[in-house]
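Got your viewer open? Let's take a short walk, one selection at a time.

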Amino acid sequence: MSKIKGIYAASMSILNDDLTLDIKKTILHAEMVIDNGCHGVAIFGSTGQAQLIPVSEKINLLNHLTSSKHKEKYIIGTGLNSLGETINLMRVSKSLGFNRFLIMPPAYYKYGDKEVIEFYSKIVDVISDCEIVLYNFEKLCGYKFSIECIEELVKKYPKNIIGVKDSSYNLFENLKIDNFSVLPGSETKLFKGLQLGCSGIITATCNATSTLARKVYDDFNDGNEQTVNQNLCDVRAEFEKYNLISGLHTYFSKKEIYYKNLLPPLSILNSKEASDLITNLQKLNFSLNNTKAA
């Protein structure tokens with residue numbers, strides 16, 4: 001039985017005008033996404049600008065996240081290349097009651113399966129009672145997990161390595177491990193993934209599509225006809241025409257202006273791109289009226 005199942009968003013981070021993290025609004029946004037249909041969210045994934053946010057601000061948010069009404073529904077992303085900083089952030093998280101983590105291998109350097117197994121082994125050997133969702137996204141870190149690597153990690157740490165977010169899409173069709181969650185990183189893979197035995201999804205655009213994605217998931221599990229899957233996939237395709245973070249912040253900024261703030265080198269869409277995105281989403285009968293902004 002999978003340890004993590006359902007619809008998860010890689011939650012967005014909301015920034016103040018001085019580009020510091022707005023703790024209250026970031027948590028309210030995450031709670032809104034769950035209220036709109038997600039089973040949970042990943043805090044400080046790549047969509048949450050994790051690699052750009054200072055560790056001190058992450059820790060500040062975690063201290064406030066303990067009071068969230070959905071505390072049990074968060075996966076904490078580390079978003080750090082440093083092994084030591086990753087372990088330290090996990091220690092802080094665990095001291096606050098958070099035990100599930102989304103961890104990508106370090107970026108920039110070239111390495112293979114052997115080195116990846118060593119990286120995660122170093123983490124688990126120190127934080128022995130954590131649960132880790134591996135983050136497979138070659139486009140961001142330069143490494144793509146093999147099935148053999150994941151099988152070896154699960155064999156070595158069956159209680160710790162509990163799933164994978166597959167944003168490279170080389171795993172979700174063929175990786176089959178008992179008590180292990182496979183979660184593709186796109187709504188376009190949700191229905192097919194469920195048919196193949198995947199556990200759900202973790203995606204950027206579920207910040208906006210949570211209600212639709214949840215209906216696809218629930219209809220599949222209830223044995224009902226799929227009535228909104230194509231609409232869900234079409235909405236994802238519109239966002240995919242742009243940088244997803246830029247598109248999502250542009251989309252939500254039409255309701256609340258503070259969503260326009262992004263850390264460089266990220267930026268919101270230009271006026272033409274923004275107009276095209278909103279217009280094309282409206283043609284799909286998808287708008288901010290479908291999404292309750294925080």
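**A guided tour, starting at a ring**

Start by selecting Lys71 and Phe98: the charged end of Lys71 sits over the ring of Phe98, 5.5 Å from the ring's centre. Keep in mind as you click around that this is a predicted model.

Now for another lysine. Select Lys25 and Tyr258, and you'll find Lys25 over the face of Tyr258, 5.0 Å from the ring centre. Stay with Tyr258 for a moment, since ring pairs link it into a cluster with Phe239, Tyr251, Phe252, Tyr259 and Phe286. Select those six residues together to see the cluster.

How many aromatic pairs does a search of the whole structure find? It finds 13. Let's visit two of them. First pick Tyr169 and Phe172: their ring centres are 6.4 Å apart and their planes meet at 85 degrees, so this pair is edge-to-face. Planes over 60 degrees apart get that label. Tyr169 is partly exposed, with a relative accessible area of 24%, while Phe172 counts as buried at 2%.

Next, go back to the cluster and pick out Phe252 and Tyr259. Here the ring centres are 5.1 Å apart and the planes are at 25 degrees, so the pair is stacked. Are these two residues buried or exposed? Both Phe252 and Tyr259 are buried.

**On to a helix**

Select residues 271-283, which make up helix α11. At 1.5 Å a residue, its 13 residues should span 18 Å, and the C-alpha atoms at its ends are indeed 18 Å apart, so the two agree.

Colour Ala274, Leu277, Ile278 and Leu281, the buried residues of α11. Then turn the view to look down the helix axis: the buried residues fall within an arc of 90 degrees, so they line one face of α11. Why can residues spaced along a helix point the same way? An α-helix has 3.6 residues a turn, so residues three or four places apart point the same way.

What do those buried residues pack against? Show α9 (229-239) and α10 (244-253), and you have the partners of α11. Now swing round to the other side of α11, where Lys272 and Lys283 are exposed.

Finish at the two ends. Asn270 caps the N-terminal end of α11, with a side-chain oxygen 3.1 Å from the backbone nitrogen of Lys272. After the helix comes Asn285, so select that last: its phi is positive, near 60 degrees.

Methods. Residues numbered from 1 in each chain as written. Predicted model: local features only at pLDDT ≥ 70, side-chain atom pairs only at ≥ 80, totals over all residues. Heavy atoms only, no water. Helix = DSSP H or I, 4+ residues; strand = E, 2+ residues; numbered from the N terminus. Expected span 1.5 Å × (residues − 1). Buried < 20%, exposed > 50% of the residue type's maximum accessible area, 1.4 Å probe, protein only. Arc of directions from axis to C-beta. Contact = heavy atoms within 4.5 Å. Polar contact = N/O pair within 3.5 Å; in protein donor to acceptor, adjacent residues only side chain to side chain. Phe/Tyr/Trp six-rings, centres within 6.5 Å; stacked < 30°, edge-to-face > 60°. Lys NZ or Arg CZ within 6 Å of the ring centre and 35° of its normal.
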